[in-house]
Amino acid sequence: MDSYGSQRLVALAQQLRFYKPPSLSPDEIEDQNIEESSGKVVPQVGFQESATSIVKDPERFRPNRAAVLICIFEGDAGDFRVILTKRSSKLSTHSGEVSLPGGKADESDKDDFETATREAKEEIGLDPSLVNVVTVLEPFLSKHLLRVIPVIGILTDKKAFKPIPNPAEVEAVFDAPLEMFIKDENRQVEEREWMGEKYLIHFFDYETGNKKYLIWGLTAGILIKAASVVYQRPPAFLEQNPRFKFPKGASNDTVMR
């Protein structure tokens, strides 16, 4: 048996290793040159590649970096599932919300893979040696303008993972079917506006083990993108991703409302 586990996981790993983010359109390339962009980012609600620009001038805005781990394994029914956490209600930000394991990068981290797997170990006791990291997705931007890199990893032996939640950060560890994030079921939507552009925030209701979870915002957006890549098809609903430029006065204190 290959180190990636089942044949379905082997095929998925091979597929994801060839994944490349969508190419920029001519208009986006022109915008990027005009704005002297150092990278493309997408907002908190899960937008894919957008025209949001991060300028090179460090005096204007340079977002902090973070990484999250999209840890996929094969469920008993043969479906692809992803590990999620419910954040501690004692945390000062995003308390009680569902999130992917991950956090801010340390200076000692050599890359986004290490950031994501290190944080997963600290938060839920997931040994990095159990995870085969295969690719990263386009960067996302949290509402607090934190640049988040989604790292996709494959857990070949689910039974070898014994969750040990860090009580200071994590209240619960659970898993959900990845495909649910491109299905138009158990989903609600809310329209919001920022900088004159309307966009949609998606909310997914999920119940497991007599517990109910609400998965929304940044986490839902990342999982919509991940599911689209894994299953190689778009979601069965409108995402409504706007195009907008960063305000020139953006700083690390700026918050998307």
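This is a short dialogue on reading a sheet, a pocket and a buried residue in a predicted model.

Biologist: In what order do the strands of the open sheet run, and how do they pair?

Modeller: The sheet has 3 strands in the order β11-β12-β13, and the pairing is antiparallel. Because β11 (187–194) and β13 (211–216) each have a single partner strand, they stand at the edges, with one side lacking a neighbour in the sheet. From one strand to the next, the twist averages 25°.

Biologist: How many bridges join β11 and β12?

Modeller: Strand β12 covers residues 197–208, and 8 bridges link it to β11 in the antiparallel sense. As an example, Val189 has His202 in β12 as its bridge partner.

Biologist: Which helix packs on the sheet?

Modeller: Helix α4, residues 217–231, does, and it touches β12 and β13. The direction of α4 makes about 80° with that of β13.

Biologist: Now pockets. What shows where empty space is left?

Modeller: A probe the size of a water molecule is rolled over the atoms. Here, the second largest pocket has a volume of about 220 Å³. Its lining includes Leu9, Phe73, Arg81 and Lys159. By type, the lining residues comprise 3 nonpolar, 2 polar and 6 charged.

Biologist: Is Thr115 buried or exposed?

Modeller: Buried means under 20% relative accessible area. Thr115 has 1% relative accessibility, so this residue counts as buried. Thr115 lies in helix α3, residues 112–124.

Biologist: Which residues is Thr115 in contact with, leaving aside neighbours within four places in sequence?

Modeller: Thr115 is then in contact with Ala67, Gly103, Lys104, Ala105 and Asp109.

Notes
Residues are numbered from 1 along each chain as its sequence is written. This is a predicted model: local features need pLDDT of at least 70, side-chain atom pairs count only at pLDDT 80 or more; totals for chains, interfaces and linings use all residues. Side-chain values use heavy atoms; hydrogens and water are left out. Two strands pair if DSSP finds at least two bridges between them. Helices (H or I, at least four residues) and strands (E, at least two) are DSSP runs, numbered from the N terminus. Axes are lines fitted to C-alpha atoms, for helices over the stretch in contact, and angles run from 0 to 180 degrees between N-to-C directions. Contact means heavy atoms within 4.5 Å. On a 1 Å grid over the protein atoms alone, a cavity is a set of points where a 1.4 Å probe fits but cannot get out, and a pocket is an open set with protein on both sides within 12 Å along at least five of seven lines; lining residues have an atom within 4 Å of a point. Grid points are joined across faces, edges and corners, and a volume is the space filled by probe spheres set on the points. Ala, Val, Leu, Ile, Met, Phe, Trp, Tyr, Cys and Pro count as nonpolar, Asp, Glu, Lys and Arg as charged, and the others, Gly among them, as polar. Buried means under 20% relative accessible area, exposed over 50%, partly exposed in between (1.4 Å probe, protein chains only).
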